[in-house]
2 protein chains.
Amino acid sequence: VRLSDMGEFGLIHRFRSLFSPQHSRINLGIGDDAALIKPHEGWETVFTTDTLVESVHYDLSYTPYDALGWKALSINLSDVAAMGGLPICAVVSLGISDSWTSKAVDNFCQGLQACGHSFQCPIVGGDTVRVPRDSVITVTVMGEVESGQALRRTGAQPGDCLCVTGPLGNARAGLEMLTGHINIPAGDQAISHFLRPVPRIQESRKLVKHGGITSMIDISDGLSSEIHHICRESDVGCRVFADRIPVACSAERWIEAGKQMPIPFVLESGEEYELLYTIHSESYQKLEAEGSQGVSACYKIGDILEASEGIFLEKDGKQTPLNSKGWEHFH
Amino acid sequence: VRLSDMGEFGLIHRFRSLFSPQHSRINLGIGDDAALIKPHEGWETVFTTDTLVESVHYDLSYTPYDALGWKALSINLSDVAAMGGLPICAVVSLGISDSWTSKAVDNFCQGLQACGHSFQCPIVGGDTVRVPRDSVITVTVMGEVESGQALRRTGAQPGDCLCVTGPLGNARAGLEMLTGHINIPAGDQAISHFLRPVPRIQESRKLVKHGGITSMIDISDGLSSEIHHICRESDVGCRVFADRIPVACSAERWIEAGKQMPIPFVLESGEEYELLYTIHSESYQKLEAEGSQGVSACYKIGDILEASEGIFLEKDGKQTPLNSKGWEHFH
């Protein structure tokens with residue numbers, strides 16, 4: 001069945017039967033002019049939106065529709081995680097051309113719903129529109145965080161430790177594998193990381209509860225770019241220890257196979273969706289002491305300095321300025 | 001300045017300086033991973049999204065950029081109004097091609113902001129992406145309504161009165177004038193209604209406070225289509241008095257000039273953004289008795305019947321079935 005035969009109301013009906021949220025916070029889901037959500041005393045509402053455009057952000061020749069649905073929601077959940085929050089619900093705007101079959105729409109919705117189920121974020125509304133060519137997907141997520149506890153980009157202080165929640169490089173290795181049609185042993189892990197990123201909500205919440213986090217951002221444009229974001233917003237400088245940046249195993253294999261330089265590769269790898277954060281040094285020491293019993297998502301990669309000291313990478317005692325590269329959408 | 005010279009961060013910086021919300025409910029606006037909003041005890045959150053696609057929903061040859069910004073927000077505020085709610089804030093996803101100059105982006109933002117100012121709905125976040133050709137704009141609005149007071153589509157009961165908040169036909173007359181390049185006296189009003197629709201938030205809130213409203217929907221696809229929505233969702237029938245449907249003055253002039261049939265013209269006119277609602281007959285009588293001192297946005301156009309009686313139009317004592325025409329996006 002082609003989209004044009006299904007009609008908008010057919011599509012809405014399909015969505016409604018797929019997405020009927022059984023969630024204590026949702027008073028009304030899809031089907032009316034808007035969704036209704038119960039408030040939660042003592043919590044602030046988190047509100048974020050992200051758009052994926054075909055042939056700019058994804059390529060349907062190697063992206064399965066269900067992965068696209070997963071990713072469209074997941075990247076928004078990553079923003080909620082980066083605020084230290086929990087998701088409540090999402091709305092989806094799906095702009096698709098007639099080339100999408102109803103099977104494609106179903107697969108997309110299944111990926112969306114799988115992600116929503118995994119992270120307790122039901123789909124409560126949306127809009128379906130026809131676009132002439134390239135599809136465009138916008139997901140908007142409402143979430144919440146304890147009042148006054150949100151992790152912003154502005155709170156880093158000299159003396160804080162700079163950390164990431166997990167090893168990096170998988171997303172870029174996955175993308176290069178998909179586009180280069182080359183494979184390596186255990187490459188599936190990198191590909192899966194690129195196609196179905198896992199938002200670090202659990203890790204973020206553990207860190208919020210642990211305390212001492214002064215700023216946080218998710219790594220969507222690449223580590224170096226996000227470090228620059230935090231430093232600019234917090235008006236601080238930063239020393240990054242090149243050898244402490246954790247590189248994912250399958251990314252390491254890919255880097256070796258392609259004879260690439262591991263550090264630039266990892267610094268510029270976008271769409272990682274690990275979290276980059278700063279933490280008071282005493283809190284970091286407490287975290288480290290707890291070891292694997294505590295928050296496992298803690299890899300220290302640097303120290304926050306005064307703004308006047310600049311932002312640089314240190315390797316074998318040598319310092320080189322760290323540029324804000326990463327992936328700019330309007331390049 | 002072309003978009004490609006501005007870069008994404010240039011654009012974000014521009015947005016941030018334009019949209020710095022001074023609003024007691026917004027704890028954090030544009031510039032972090034998500035916005036933060038203060039909760040409001042005793043109110044439910046309203047959540048809605050709507051997308052406009054170039055060459056499907058708008059044509060830049062006759063739509064000024066500021067009108068586009070106004071409309072993108074306004075149609076979402078109309079959905080909040082249709083729930084009986086008040087807006088809190090909005091996020092905007094702007095997918096634009098390199099053909100947009102920075103002046104175009106500025107004008108778009110000014111229209112967006114003018115609408116936000118008019119209806120107390122600050123822009124608190126968003127995403128900017130490059131699209132290969134046709135621009136795509138998704139706005140998502142968060143609003144609120146007193147817990148349990150939302151006006152859904154499901155509550156209409158036989159015996160209720162069917163009403164609209166204002167005269168219809170302006171939007172279609174305005175669109176035909178713009179595309180036909182013909183003008184009539186006072187045509188500006190119709191064109192303005194089409195390009196810069198006014199969400200009926202004030203009217204909706206007055207009706208909520210008056211009480212007795214059993215269902216509500218906004219007229220985006222055309223009156224006949226929305227009547228069918230309410231009847232289907234509430235499982236009722238309806239008698240519509242053809243002569244009681246209020247026709248806007250400039251629409252009337254346009255209809256006369258074009259020798260068109262007024263009732264079909266008005267029944268099928270989409271993008272009106274007046275509200276269609278049902279109200280207990282006693283509450284309606286109370287409204288009527290208050291006259292212009294009370295809620296002025298009350299034009300009774302029909303009666304709700306049992307579902308078995310069907311949905312029909314009555315004129316000069318004759319009944320004809322009312323089809324659900326209106327404007328389907330996937331036609």
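This passage looks at how the two chains of a predicted model relate and how two of the sheets are put together. Residues count from 1 along each chain as its sequence is written, and chains are lettered from A in the order in which they are written. Local features need pLDDT of at least 70.

Start with the overall arrangement. A turn of 180° and a shift of 0.0 Å along the axis lay chain B on chain A with an RMSD of 0.0 Å (least-squares superposition on the C-alpha atoms of residues with pLDDT of at least 70 in both copies). That is the relation of a two-fold axis. The copies meet through the same surface, because 100% of the interface residues of chain B are also interface residues in chain A.

One open sheet takes strands from both chains: its 6 strands run in the order 1(A)-2(A)-3(B)-6(B)-4(B)-5(B), with mixed pairing. Strands here are DSSP runs of E, at least two residues, and helices are runs of H or I, at least four, numbered from the N terminus; two strands pair if DSSP finds at least two bridges between them. At the edges sit strand 1 (26-28) of chain A and strand 5 (123-130) of chain B, each paired on one side only. Inside chain B, strand 4 (residues 86-96) and strand 6 (residues 136-146) run antiparallel, joined by 9 bridges; B:Gly95 has B:Val136 as its bridge partner.

A second open sheet, in chain A, has 7 strands ordered 8-10-7-11-9-12-13, again with mixed pairing. Strand 8 (213-218) and strand 13 (318-321) of chain A form its edges. Strand 9 (residues 236-241) pairs with strand 12 (residues 311-315) of chain A in the parallel sense over 4 bridges, and A:Val240 is partnered by A:Leu313.

Definitions and conventions. Predicted model: local features only at pLDDT ≥ 70, side-chain atom pairs only at ≥ 80, totals over all residues. Heavy atoms only, no water. Contact = heavy atoms within 4.5 Å.
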